[in-house]
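Please look at the sequence and the structure shown here. The paragraphs after them go through the chains part by part.

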Amino acid sequence: MAEAAAVAHDDHHYTSTGLNSWKLGFWTLIGSECLFFGTLISTYMVYKGQSIVGPFSGDVFDIPLTTISTFVLLMSSLAMVLALDGVQRGNRKLSMAWLGVVIVLGATFLGFQVYEFNHFYHVGLGLDTNLLGSSFYVLTGFHGAHVFFGVVWLTTLFVMSARGKLPPSKALNVEIAGLYWHFVDVVWIVIFVLVYLIQ
Amino acid sequence: MSVATESAATTHDAHHGEPTGLWSWITTVDHKRIGIMYFLTSIFFLLVGGLEALLIRIQLFKPENDFISAELYNQLFTMHGTTMIFLVAMPMAVAFFNYVVPLQIGARDVAFPRLNALSYWIYLFGGLYLNASWFVGQAPNTSWVGYANLTSTQFSPGLNVDFWVLGLSILGVSSIMGGVNFITTIINLRAPGMKLMRMPLFTWMTFVTSFLLITALPVIAVALIMLAFDRFFSANFFNVAAGADPVLWQHLFWIFGHPEVYILVLPAFGVISDVIPAFSRKPLFGYPVVVYAGVLIGFIGWGVWSHHMFTSGMGPIADSFFVATTMIIAIPTGVKIFNWMATMWGGAIRFTTAMNFAVGLVALFTVGGLSGVMHASAPVDLQQHDSYFVVAHFHYVIVGGILLGMFSGLYYWFPKVTGRYLSEKAGAWHFWTTMIGFNLTFFPMHFSGMFGMPRRTWTYQSELGVQLYNQMSTVGGFILGISTLIMLYNVLKSAKSGAPAGSNAWGAPSLEWSIPSPPHHYNFPALPEVRSREPMWHDDERAAIEAVTLAHPAKEPEMPGPSFWPIVVASGVTATWALVMTGVWWVPLIGLAYTTFGVFMWAFEDPFKHLESSH
Ligand code: HEM
Ligand SMILES: [Cu+2]
């Protein structure tokens, strides 16, 4: 009986490439997301410098500040790697600590973004002010929403870990969340370079 | 002991056997049932879209008719086009992806069964939401391409465009998830020995289509998001007064829209590439060429979008580039047509209804392809643009190509799905009324177009001299309507009392024909081993495979259990989008909270928990 069950289980996990389906599916989704952000970024580039009324990007962007928040997000990717390592090794303290760091850094990035949006709004750049306002807020807003979603996801993993429900056999959950997190990070680097640095 | 084993066996059966009843269908995650649900839903929308087409045709029966108002006319053709593309043609292909692909590659299900259910429910709810616009009298009215400026709040203040932009973005979510699911399934769940170059062509074309889905839909999604932000939050993406360029919409729309044409047509090509060899009793001629041509079409489909924009003033250099790339895409398509004909050449052809539709496709699609090449040339297009010539062209492609392909697939796989044949007699009626009605409807449109009848106008003057052509089109349209009813009758009747079909109803070569009809819910008791491209046509290979696939398993394979969280999430997504219409920013958050709840419940549900008691 037990043997039969084992056999059935075995061909359950059979895949023709040997790759895990969740991982593969997630890579596919990321491919799709690349086109999503690609289109948003292209729109921003097409409309760059086309606004008729101000404020213009030179009037509002604060590059040193955004550099800090970019650094924060980059560091969170590093912490993510360490968190995965902790889970894979079955070291609960380590994994919880690093997951916690990722969450805090992610939330800090979001804090910077809230501050930035609020500040821009008060110097007169609204969503409806000009082309810059529309394309900037929608692009960075959707990125921010991705970060937010990631923070919620990681928080779930943190809680699971705290309850001892994240053994090494479930490291894949963290790995996929990590893939997502790194992707969101890379997208931000592209945005930071194209939107903030090259004006 | 024996008593204990027996009762264990009974509970075991209760858990693993095919569940019945409405609730089991609603909560199903079985790809076969989801495929059937996709099919029936797309047929329902075909009737809706067909009704809209017939109302248009009645209006155009005579010059200066006042059967319907200009405003209603706009709603009718917009909803007709939107319905036919997004609620009929695409989902009907997805119905076949669902049912057939896992069987063809020797898989028990798709890679993500619950995600698959979610795709279906989002499609259904999105389609219903889009059509709810009729009940408030504000159906979308800016055509299925929704060109910018016309869709701004300034020119379209009502709810019409809101329904359109929100409805389509819901449907896009469903398609992207479907694409991810099928790519993963085809890469990862092939039975041992099922190499990529041994896959049946239908699976291959599903694969290419899925790539087009995950790459083309995000682009239109962004365009729709931008339009929604313009409409609901006064953003400026398409606001010319703020310096925006409305042609941006056209670019984004057609970067999606042209690949979309291939999203629609490649599955149909896949169907007939399976059907023609099966009924010619010969392997597909030049299999690798047909595969590569399909992949190539997928690639080139990306580089030709601007042939839809010759009249938008891009300049001669851009125009020439897109003329050239567009002409090039005719080459792989022509190659395929040759391969189909070469397959039939010298074959032992059986003209069943499935085969008739496949051959009909080749003929009609060629006509549509030729008229397409005609207006791929920019100067010619300037003449024909937005005339009925274009309407004739794309109906030859989408009805003559896509819909006939889907009908061919219906007759071909129906015995697998139900264990019964569709009536060939009713099938012949269906086929011939379709051919006659179709050509009578759309061939005269070439002429009314050339005589200068513009599309998307609710009436015409008698001086134009196109009345006779329009009357032919209207009569043809009704014949097409009747043909659809014949099909429906055939499906409903034969599902109950059709002639019984064995496991291999047609003596066809691929793996789905090695298992019983209808298949068990677990498809394959154990995974078969494949050694060639036509496993069922090589006697020793067939015997080996059937020994595995027709066996009764000692223990039934464990399948993921039913779940109703996909419906919760799908209804949440639809509600969130619909609540955006209130225009109050926080109201959709209610829908979002409900969706999040559903996602969490889903994430922590163990798909195999229904099995626990039997262990
Ligand atoms: C009973 C069969 C059909 C008839 C009689 C019919 C008739 C028409 C007519 C007269 C128009 C032109 C409206 C106008 O430009 O003023 C039209 C547009 C269109 N049709 Fe059909 N049609 C049929 C089936 C289909 C099918 C099966 C599809 C797709 C699978 C389809 C897709 C479209 C599209 C995309 C448009 C363009 C709508 C727009 O301009 O926004 N049609 N149809
Ligand atoms: Cu095109």
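**A walk through the model**

Ser143(B) is found in chain B, in the loop between helix H5 (113-135) and helix H6 (160-188). The backbone has an unusual feature to look for at this point: phi of Ser143(B) is near 70 degrees, a positive value in a residue other than glycine. Glu64(B) is another non-glycine residue with a positive phi, here about 50 degrees. Glu64(B) sits in the loop between H3 and H4 of chain B. Keep in mind throughout that this is a predicted model.

The next stop in chain B is a peptide bond. Ser517(B) and Pro518(B) are joined by a cis peptide bond, with omega about -10 degrees. Pro518(B) belongs to the loop between helix H15 (467-497) and helix H16 (539-549) of chain B.

Helix H3 of chain B allows a simple check of length. H3(B) has 29 residues, and at 1.5 Å a residue it should span 42 Å; the C-alpha atoms at its ends are 42 Å apart, so the expected and the computed span agree. At the start of H3(B), a side-chain oxygen of Asp30(B) comes to within 2.9 Å of the backbone nitrogen of Lys32(B).

H3(B) also takes part in the surroundings of ligand 1. Which helices supply at least two residues each to the shell around ligand 1? They are helix H3 (31-59), helix H4 (70-105), helix H13 (388-418) and helix H14 (424-450), which belong to chain B. H13(B) gives the largest share of this shell, seven residues. The shell residues divide by type into 15 nonpolar, five polar and three charged. There are 23 residues around ligand 1, and those that come nearest are Tyr73(B), His80(B), His395(B), Arg455(B) and Arg456(B).

Some atom pairs in this shell can be looked at one by one. In Tyr73(B), an N or O atom of the side chain is 2.8 Å from an oxygen atom of ligand 1. In His395(B), a polar side-chain atom lies 2.8 Å from a nitrogen atom of ligand 1. In Tyr388(B), a polar side-chain atom is 3.5 Å from an oxygen atom of the ligand.

Now turn to chain A. Its secondary structure consists of seven helices and zero strands. Along the sequence this gives the pattern α-α-α-α-α-α-α. Taken along the principal axes, the C-alpha atoms of chain A fill a box of roughly 75 × 35 × 25 Å.

Helix H2 of chain A, residues 21-47, can be checked for length too. With 27 residues at 1.5 Å a residue, H2(A) should span 39 Å; its end C-alpha atoms are 39 Å apart, so the two values agree. The N-terminal end of H2(A) is capped by Asn20(A), which has a side-chain oxygen 2.7 Å from the backbone nitrogen of Trp22(A). Just after H2(A) comes Gly49(A), with a positive phi of about 75 degrees. Further along, the peptide bond from Gly54(A) to Pro55(A) is cis, and its omega is near -5 degrees. Pro55(A) is in the loop between H2 and helix H3 (57-60) of chain A.

What kind of contact do the side chains of Lys23(A) and Glu175(A) make? They meet in a salt bridge, with 2.8 Å from N to O. This pair links distant parts of the chain: Lys23(A) is in helix H2 of chain A and Glu175(A) is in helix H7 of chain A, 152 residues apart. Over all chains, a search of the whole structure finds nine salt bridges.

The last feature is on the surface of chain A. A nonpolar surface patch of about 660 Å² is made by Phe71(A), Leu74(A), Met75(A), Leu78(A), Ile189(A), Val193(A), Leu197(A) and Ile198(A). Helix H4 (63-88) and helix H7 (171-197) of chain A are the elements that give two or more residues to this patch. H4(A) provides the largest share of the patch, four residues. One residue to pick out on the display is Leu74(A), which lies in helix H4 of chain A.

Key. Residues numbered from 1 in each chain as written. Chains lettered and ligands numbered in written order. Predicted model: local features only at pLDDT ≥ 70, side-chain atom pairs only at ≥ 80, totals over all residues. Heavy atoms only, no water. Near = heavy atom within 4 Å. Polar contact = N/O pair within 3.5 Å; in protein donor to acceptor, adjacent residues only side chain to side chain. Nonpolar A, V, L, I, M, F, W, Y, C, P; charged D, E, K, R; others polar. Expected span 1.5 Å × (residues − 1). Patch = residues over 30% accessible without salt bridge, like charges linked within 9 Å, V, L, I, M, F, W, Y side chains within 5 Å. Areas by Shrake-Rupley, 256 points an atom, 1.4 Å probe, with all protein chains shown as cover. Salt bridge = Lys/Arg side-chain N within 4 Å of Asp/Glu carboxyl O.
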